[in-house]
Amino acid sequence: MATVPVDVKEQVKQSIDIVDLIGGHLSLQRKGRKFVAHCPWHDDRRPSLQIDPERQSFKCFVCDIGGDVFSFVMRMENVEFREALSLLAERAGISLGGSGGAPSEKLREVRDVVAWARERFHEFLLRDSAAEPARRYLAERRLEPETWQQFQLGFSPPSWDWLLRAGQRASLAPEALESVGLVVRREDTGRVYDRFRGRLLFPICDQRGIPVGFGGRVLPALVADQGEATGAKYINSPESPLFTKSKLLYALDAAHREFQARREAIVVEGYTDCLMAHQFGIRNTVAVLGTALGGEHIRLLRRLVDRVVLVLDGDAAGQRRTNEVLNLFVAAKFDLRVATLPEGLDPCDFLVQRGPDAFRELIESAHDALDHKIAAELTAVRGQDSVHASQQAVENILATLAMVEPGGDAEATATRLREEHALHRVATRFGLSDDVLRRRLAALRKSPRLRQGRLGEVEPVAVESRAIRMDAWDRDLLEILVHHPECLDLAQQHVAPGQLRSELGRLIYQTSCDLAEAGETPTLARLMLELESPAVRKLLVDLDEGGRAKDLSDWKALMAQYAKRLEDFRRHCEVKELREGKLGESEQLSALQEVIARKRANQPTKKTTPSDEK
């Protein structure tokens, strides 16, 4: 992606008021010149998140985090800077062109078409008598009207051109509807007709709640009355730049806030399963879009939660689908738990029949993915005398274990212990030695085929900025500079960037020097635009906070004091190195001469007397 010009980033930032932005996510209270809110990133009983309208920044002193509008979106949405920039640019109605990846005007128009269709479908479901079969189906599934409203459920009548005609009345060309898959064009005749006719519609939104497509469930009784073939039970909008099944999860926008609180996602298969969970207050639930969980889903979920609980149907097909995705989670070192439903029940039926408490107990008792794999393989061979079946079971378990490289960090210790436990369990069950299993596991890990199948590159987005320890010398200097960037010329006479001890401190100071050399004043706002790292932005807010607590008005005197302290410290270090013999012969001589010269320069001039002259 091309570099985004600073003036564009500045335009976006100036167009967004941080109070309005954070107020759209949290309930704000005014406190003097600032606003406060309950921090969403820890269990905050007293409002500890402070929002400063003047500085356009936020800070939580408990979490030790802070930053500007970009930092807030990066943390709240778990995205990197470029995506945060795109989200804010879209909110401000600013086009980033090809540099930042924000939606083009064309993409915005396409989204408007999907939003328009969602309103039409929803109104039809609620108001039109022809939607009675859909309302009856929802009632039979025990989904309440409040849930229909919350998720904007809709219905498309079995007419071939109902949406086409509605589009004509709204001055929408068939091509506009076709571009988002709402209508289909026959290749042989060129005739255009409604894609979702006779179907109950589930609008699918992205993480921000913007509708991007639909899932449609056929109502067989209604379609049969019309004398048509029913087709697939479920169909989705076709793949497009707006709609990609492998990157979307149903109800993610509704579950997003609960994800942050619980750090756990419950994943089910069906739309109605997901809706019923939300209806019963289990709001950290999402559903796949008629496809298995894949690598993109894992990347998405790993950015948002620490654990995933997979709840699939209790039949054989559900167990098969569990095994299909299990290796992906194990290879990604992502905590996956598997909750097994009683055979013949889906999550929706289970919730209706047994209630939310039983469902929560099922989630709490969910097995670790690896334990589930071992238990499933052992169950498959139970009662069989076949040596081949036992060998295959062992091979399947070892293949899953081989997906994880132990590595050498602290996390690897737990991984190795877990692996040893699994090997011992398999060895005991099949009468094999641990050493035999370890050798086979090592061989599998060297397999080129296995390397290609790993998802080890799946990493969470790094937006965490922990407390930064900074040398007091660096902090003093940078606090002055953040509040009085005009003193940079004086600072450069005494301090070079490489002399700062902390890496982030050097980065901020060097950036300030670079900006000054380019003829720009390195203000706090300008530095935040130049430096995209959340850790650096948080540090800049800390420096500003620290400077506000001090009297920095006489910055020239403060800079002079800093320069003197720094010079004294350098002399101390030189003398110490000289005494400890850490310098080379020529360096020792040079340092000694400099020390003597300084001492002579600091001695008072001795007055001469007649006796001295003799």
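This briefing describes selected features of the structure shown above. The structure is a predicted model. It contains an open sheet of five strands with mixed pairing, and a helix, α11, that spans residues 252-262. Two further topics are the crossing of helices α21 and α23, whose axes come within 11 Å, and the surroundings of Leu242, a buried residue.

**The five-stranded sheet**

- The strands of the open sheet follow the order β13-β12-β14-β15-β16.
- At the edges lie β13 (285-287) and β16 (367-368), each of which pairs on one side only.
- Strands of a sheet pair through backbone hydrogen bonds, and they may do so in parallel or antiparallel fashion.
- Strands β12 (residues 264-268) and β14 (residues 307-312) run parallel and are joined by four bridges.
- Within this pairing, Ala265 has Val308 of β14 as its bridge partner.

**Helix α11 and its cover**

- Leu252, Ala255, His256, Phe259 and Gln260 are the buried residues of α11.
- These buried residues lie on the same side of α11, because they cover an arc of only 150° around the axis.
- An α-helix has 3.6 residues a turn, so residues three or four places apart point the same way.
- The elements that cover the buried residues of α11 include the helices α3 (69-77), α12 (271-279) and α13 (295-304), together with the strands β12 and β13.
- Arg263, just after α11, takes a positive phi of about 60°.

**The crossing of α21 and α23**

- Helix α21 comprises residues 472-483 and helix α23 residues 503-517; their axes cross at roughly 35°.
- The crossing of α21 past α23 is left-handed.
- On the α21 side the contact is made by Leu477, Leu478 and Leu481, and on the α23 side by Gly505, Ile508 and Tyr509.
- Sorted by class, this contact between α21 and α23 has five nonpolar residues, one polar residue and no charged residues.

**The surroundings of Leu242**

- Leu242 is located in the loop between β11 (234-236) and α11.
- Leu242 counts as buried because its relative accessibility is 10%, and the cut-off for buried is under 20%.
- With neighbours within four places in sequence left aside, Leu242 is in contact with Leu107, Val110, Arg111, Val114, Val180 and Val212.
- Gly213 and Leu242 are 29 residues apart in sequence, and their C-alpha atoms are 7.8 Å apart in space.

Terms used: Residues are numbered from 1 along each chain as its sequence is written. This is a predicted model: local features need pLDDT of at least 70, side-chain atom pairs count only at pLDDT 80 or more; totals for chains, interfaces and linings use all residues. Side-chain values use heavy atoms; hydrogens and water are left out. Two strands pair if DSSP finds at least two bridges between them. Helices (H or I, at least four residues) and strands (E, at least two) are DSSP runs, numbered from the N terminus. Buried means under 20% relative accessible area, exposed over 50%, partly exposed in between (1.4 Å probe, protein chains only). The arc is that of the directions from the helix axis to the C-beta atoms. Contact means heavy atoms within 4.5 Å. Axes are lines fitted to C-alpha atoms, for helices over the stretch in contact, and angles run from 0 to 180 degrees between N-to-C directions. A crossing is left-handed if the near helix is turned anticlockwise from the far one by less than a right angle, and right-handed if clockwise. Ala, Val, Leu, Ile, Met, Phe, Trp, Tyr, Cys and Pro count as nonpolar, Asp, Glu, Lys and Arg as charged, and the others, Gly among them, as polar.
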